[in-house]
Amino acid sequence: MKILVPFDGGKAKVYWNGRIISIQPRIRLTRSYDQRSHNYLGYILLIEGSIGGEERTFTVGIGKEAQAKNQFQTGDVVGGRSGPVEDTRTEVAEYYKTSELRLIEKRLELPTSHPPWLGTPPALEIYRQRGHRRLAARTYETKCGACIWGCRMPVEMIIDQWKPRKKKYRIETFCYGPQSCRFYKAGATRKVPGRKGMVWEEPDWVDEDAVSHRGMDE
């Protein structure tokens, strides 16, 4: 594919284009011991194409309005202009603040009816309503990286609520898909550090409660 401009190695936005090989929700998770909250930012595009003067695979964050307008799905060829992420602790994308986003070629195939589920991802409000279960990182990497129901979340952990500047960061993987998915594996429970060396282990019932309103195949 044609490289639009060379990458200057700085913080300026760069042009890119390529084929979407995965599109998933872009959600940030904040943990404070046994409490958690989500920030629904948009979507992550995993692109196979050209950026920074080279052909490679890269990730781009886009806003929910951009996705609502373009209805991107796996297989579409797209292009745009994005800047490198400034704080990699709070983003799983390499590039964000995307502008000049455009659809170059639309995929014509129908979405799959089995895992991994492809097609056009739903609105962020649907993800919020569905709720998620923890997903083993290895399972995500080998089975769920292209699925619209998979999600890699940057996690910001507030260690001491009385000293909110004291934080730690990590990545966690989750599944918003049907509970009947044959690929699903929960993996180990998540442990959250707290003040004075305390650790809270998130129990299984948290996941069970989050998806209890859905049937096995929903």
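Strand 2 and strand 3 form a hairpin with two residues between them, and Gly 52 in the turn has a positive phi of about 60°. Helices (H or I, at least four residues) and strands (E, at least two) are DSSP runs here, numbered from the N terminus. The pairing of strand 2 with strand 3 is antiparallel and extends over 10 bridges, where two strands count as paired if DSSP finds at least two bridges between them. Within this pairing, Glu 48 has Thr 57 of strand 3 as its bridge partner.

The model is a predicted one, in which local features need pLDDT of at least 70 and side-chain atom pairs count only at pLDDT 80 or more, whereas totals for chains, interfaces and linings use all residues. Residues are numbered from 1 along each chain as its sequence is written, and side-chain values use heavy atoms, with hydrogens and water left out.

**Strand 1 and its partners**

A hairpin is also formed by strand 1 and strand 2, again with two residues between the strands, and Tyr 33 in its turn has a positive phi of about 55°. The pairings of strand 1 are set out below.

| Partner of strand 1 | Sense | Bridges | One bridge pair |
|---|---|---|---|
| Strand 2 | antiparallel | 16 | Ser 22 with Leu 46 |
| Strand 4 (residues 77-84) | antiparallel | six | Trp 16 with Gly 80 |
| Strand 7 | parallel | three | Thr 30 with Glu 156 |

Ser 22, which is found in strand 1, counts as buried at 4% relative accessibility; buried means under 20% relative accessible area, exposed over 50%, and partly exposed in between (1.4 Å probe, protein chains only). A polar atom of the Ser 22 side chain lies 2.7 Å from the backbone oxygen of Gly 145. For polar contacts in general, the criterion is a pair of N or O atoms within 3.5 Å; within protein, one must be able to donate a hydrogen and the other to accept it, and residues adjacent in sequence count only if both atoms are side-chain atoms. Not counting residues up to four places away in sequence, Ser 22 touches Ile 44, Leu 45, Leu 46, Thr 74, Gly 145 and Ala 146, with contact taken as heavy atoms within 4.5 Å.

**The nonpolar core**

The largest nonpolar core has 40 residues, of which Trp 16, Leu 45, Phe 72 and Tyr 176 touch the most other members; such a core is a set of buried Ala, Val, Leu, Ile, Met, Phe, Trp, Tyr and Cys residues joined through side-chain atoms within 4.5 Å. At least two residues of this core are supplied by each of strand 1 (14-32), strand 2 (35-51), strand 3 (54-63), strand 5 (95-105), helix 2 (124-130), helix 3 (137-144), strand 7 (150-158) and strand 8 (167-175). Strand 1 gives the most to this core, with six residues. Leaving aside its neighbours within four places in sequence, Tyr 176 is in contact with ten residues named here in order: Ile 27, Tyr 40, Tyr 127, Arg 130, Gly 131, His 132, Trp 149, Cys 151, Met 153 and Arg 214.

**Helix 3 and the cysteines**

In helix 3, Thr 139, Tyr 140 and Cys 144 are buried. These residues lie on the same side of helix 3 because they cover an arc of only 100° around the axis, the arc being that of the directions from the helix axis to the C-beta atoms. Arg 138 and Glu 141, on the other side of helix 3, are exposed. The cover over the buried residues of helix 3 includes strand 1, strand 7 and strand 8.

With a disulfide defined as a pair of cysteine sulfur atoms within 2.5 Å, the count comes to zero disulfides. Cys 144 is in no disulfide, and the nearest cysteine sulfur, that of Cys 181, is 6.2 Å away; Cys 144 has a relative accessible area of 11% and is therefore buried. The sulfur of Cys 151 is 10 Å from the closest cysteine sulfur, in Cys 175, which is too far for a bond, and Cys 151 is buried with a relative accessible area of 0%.

**The loop after helix 1**

Gln 71 is found in the loop between helix 1 (64-70) and strand 4, and is partly exposed, with a relative accessible area of 38%. Leaving aside neighbours within four places in sequence, Gln 71 is in contact with Asp 76, Lys 106 and Thr 120. A polar atom of the Gln 71 side chain lies 3.3 Å from the backbone oxygen of Ala 68.
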